[in-house]
Amino acid sequence: LPLGYASFERVRLGNCVFADKTRLLYDLIQTDTPYFLSRPRRFGKTLLVSVLMAVFQGRKDLFQGLWIYDQEYDWTPRPVIRLSLASTGAKNPESLKNFLWSELNFIAKINEIKLEERELSSNFLSLIRQLNIKYNERVVILIDDYDAPIQDYMKNPNLADEMRETLKDFYGSLKSCEEERGFVFITGVSRFAKTSLFSGLNNLTDITLNEKYAHLLGFTIDEFSELFKERMEETLNYFISQNRFTDLNSVADLKKRILEWYDGYSWDGKSSVLNPWAVLTFFDRREFDAFWLETGPPSFLETMIKSGQINIANIFNDNFFAESMNIIDIGNKRNLKALLFQTGYLTVGRIARHGQRIQYFLNFPNLEVRASVAQLSLSLEKHIQNPLLLTEQGKAILETLINRDRAGFKSAFKSFLGNFSYRTFTYDENFFSMMFTLAVTFSGQLREPQKEVEGGVMDLHLKSRHGDDFVIEIKYVHLPSRKDDNYAAKTKKLMKAARDKAFQQIERRRYYFCFQGKGNKIFKTALIFGGRSKVLIDFQEAQNRRLEWDEFHQTYSVQFSGGNAE
């Protein structure tokens with residue numbers, strides 16, 4: 001298992017598991033087109049760059065048994081500049097410049113070239129041109145994690161922008177050496193605006209959402225099944241011998257569970273891949289867990305969630321962005337959807353095409369990510385031990401809601417809350433709203449929390465498998481002390497008053513009007529929390545109404561189905 005390996009040579013000489021992607025690479029390297037590929041962390045970007053490095057160094061011996069080995073390819077070594085910015089250690093623009101200068105100087109020395117320019121960008125350009133002259137070959141340029149110094153400081157927009165400016169000047173050199181440079185391949189997590197890569201580098205081709213290269217990183221299900229067939233059998237036997245996961249009775253059961261946890265990443269909306277780091281770690285530890293979170297969540301996301309700048313209930317839903325929205329502008333919170341997609345917290349669920357316009361609808365990839373989201377949302381110190389149980393409970397909560405089973409809902413929701421330490425609870429509407437949203441999220445069917453409609457912003461909208469719409473308003477009630485002699489009566493009165501207020505708000509603000517006219521039933525739903533033990537849910541079927549604009553009074557009149565004006 002090449003866990004943590006980033007060197008192609010080490011993987012091959014160590015007889016490690018390796019998914020052969022050389023057929024796709026062969027198509028890429030036939031031209032001198034500059035390419036950019038964005039993928040989340042721990043997806044094998046650095047290993048991919050190492051594979052390309054070996055190709056251009058002419059290391060054919062390392063490719064024996066792989067697809068490219070038997071192709072008609074010229075294995076003549078070419079000059080290569082390989083830079084990795086994943087761990088620069090830079091705390092400011094000056095230290096970033098020092099790191100880049102050190103890397104360029106190292107490459108120059110091993111090629112017996114002397115750099116005399118003072119400016120960093122001039123040295124980069126000089127290195128490219130001197131390598132071209134010395135070897136009489138166009139220079140291959142491989143840049144891994146080009147945006148890491150920006151990503152490291154996303155929680156500090158001013159410093160992140162300073163890092164971007166430094167990289168902008170550095171990468172700008174690539175525009176001035178089109179005749180001397182050959183194949184260019186650049187990886188990163190995000191596609192940042194104004195870094196000279198996308199605004200200055202001629203003909204840069206972004207293959208991030210290119211259907212042909214959707215499987216360039218990660219294990220496809222077929223690759224996974226072939227590469228880990230024996231390990232799945234060994235792991236199943238181990239579980240049986242240890243009397244663990246007793247519901248897994250066959251390799252097929254184990255495979256299904258692994259796919260639930262670690263599959264689901266998609267960049268074409270059709271097929272999916274498994275997270276390679278998570279899969280390797282699972283077989284190494286023989287445990288189901290959110291291993292991806294161990295590598296460290298994006299610091300900007302962790303900071304924003306813990307500081308309350310963003311509400312999980314507002315962002316993790318089935319929403320979409322256009323491809324043009326995939327370019328990040330530092331400090332712009334409207335980029336949050338794209339950032340969550342690029343960092344791996346959301347993935348492409350489906351793609352809709354409207355002529356030349358393409359919309360990418362986003363969703364959670366798998367259980368591991370859902371667990372990571374809950375982990376961050378609740379600021380839990382320990383990992384959630386059984387996200388699969390949370391998924392089953394989330395489905396039960398959703399099922400009881402759409403069946404309008406009041407007693408069942410109360411029981412299911414209390415069971416869900418029992419998974420979390422009460423020390424993490426905050427007794428207010430935002431907390432219980434988030435817990436309910438997380439429960440539905442774990443069910444895999446979250447739809448449009450905090451949906452903005454003509455009358456205001458509703459708390460949540462859910463659609464049942466039968467097509468019924470549930471417009472949900474959530475309230476929290478501060479209950480009297482249990483020592484109060486009239487505790488029961490006062491509690492009942494407060495909960496019912498909150499329920500009535502929720503129904504009135506849905507009606508007064510016309511939250512459900514946009515769902516009318518489709519032949520479906522609409523249920524106004526009041527969800528009232530009173531601490532961790534009191535839950536009230538109630539339903540009212542909405543009457544069929546429609547809005548008509550009154551030009552004279554400059555207002556809307558609300559029409560009942562019978563035609564009587566209100």
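The following paragraphs walk through the predicted model of this chain, from its overall make-up to its central sheet, its cores and its salt bridges.

A good place to begin is the chain as a whole. Its secondary structure comprises 21 helices and 18 strands, and 53% of its 566 residues are buried. Contacts often reach far along the sequence: when residues at least 6 apart are considered, 68% of the contacts join residues at least 24 apart. The surface exposed by the chain amounts to about 26300 Å², of which carbon and sulfur atoms supply 44%.

Attention turns next to an open sheet of five strands, arranged in the order E2-E3-E4-E1-E6 with parallel pairing. In general, the strands of a sheet pair through backbone hydrogen bonds. The edges are formed by strand E2 (80-84) and strand E6 (205-206), each of which pairs on one side only. Strand E3 (residues 139-144) is joined to E2 in the parallel sense by five bridges, and Arg-82 has Leu-142 of E3 as its bridge partner. E3 also runs parallel to E4, with four bridges between them; here Ile-141 is matched with Val-184 in E4.

How many of the residues of E3 are buried? The count is six of six, and both faces of the strand are covered. Val-139, Ile-141 and Ile-143 are buried on one side, while Val-140, Leu-142 and Asp-144 are buried on the other. Helix H3 (residues 45-56) lies across strand E1 (34-38), E2, E3 and strand E4 (181-188), and runs at about 165° to E4.

The nonpolar interior can be described through its cores. The largest nonpolar core holds 86 residues, and those touching the most other members are Phe-63, Phe-183, Phe-185, Leu-401 and Phe-436. Beyond its neighbours within four places in sequence, Leu-401 contacts Phe-409, Phe-436, Leu-462, Phe-470, Ile-472, Ile-537 and Phe-539. A second core, separate from this one, has 41 residues, including Leu-125, Ile-128, Met-154 and Phe-192.

A view from the surface is offered by Ala-407, a residue of helix H19 (residues 406-417). Ala-407 counts as exposed because its relative accessible area is 57%, above the cut-off of 50%. In space, Ala-407 is 9.1 Å from Leu-536, C-alpha to C-alpha, although 129 residues separate the two in sequence.

Charged side chains complete the picture, with 23 salt bridges in the count. One of these joins Asp-61 to Arg-59, at 3.4 Å from N to O; Arg-59 is partly exposed, with 25% relative accessibility. Another links Glu-180 and Arg-129, at 3.6 Å from N to O. This pair connects distant parts of the chain, 51 residues apart: Glu-180 sits in the loop between helix H7 (157-171) and E4, and Arg-129 in helix H5 (residues 120-135). Glu-180 is buried at 17% relative accessibility, whereas Arg-129 is partly exposed at 34%.

A further salt bridge brings Glu-211 and Lys-270 together, with their closest N and O atoms 3.0 Å apart. Glu-211 belongs to the loop between E6 and helix H9 (221-227) and Lys-270 to the loop between helix H11 (251-262) and helix H12 (276-285), so the pair ties together parts 59 residues apart in sequence. Glu-211 is partly exposed, at 41% relative accessibility, and Lys-270 is exposed, at 63%. Finally, Asp-32, Arg-78, Arg-138 and Glu-179 are joined into one network by salt bridges that share partners.

How values were computed:
Residues are numbered from 1 along each chain as its sequence is written. This is a predicted model: local features need pLDDT of at least 70, side-chain atom pairs count only at pLDDT 80 or more; totals for chains, interfaces and linings use all residues. Side-chain values use heavy atoms; hydrogens and water are left out. Helices (H or I, at least four residues) and strands (E, at least two) are DSSP runs, numbered from the N terminus. Buried means under 20% relative accessible area, exposed over 50%, partly exposed in between (1.4 Å probe, protein chains only). Contact means heavy atoms within 4.5 Å. Accessible areas come from the Shrake-Rupley method with a 1.4 Å probe; for residues, only the protein chains shown count as cover. A nonpolar core is a set of buried Ala, Val, Leu, Ile, Met, Phe, Trp, Tyr and Cys residues joined through side-chain atoms within 4.5 Å. Two strands pair if DSSP finds at least two bridges between them. Axes are lines fitted to C-alpha atoms, for helices over the stretch in contact, and angles run from 0 to 180 degrees between N-to-C directions. A salt bridge is a side-chain nitrogen of Lys or Arg within 4 Å of a carboxyl oxygen of Asp or Glu.
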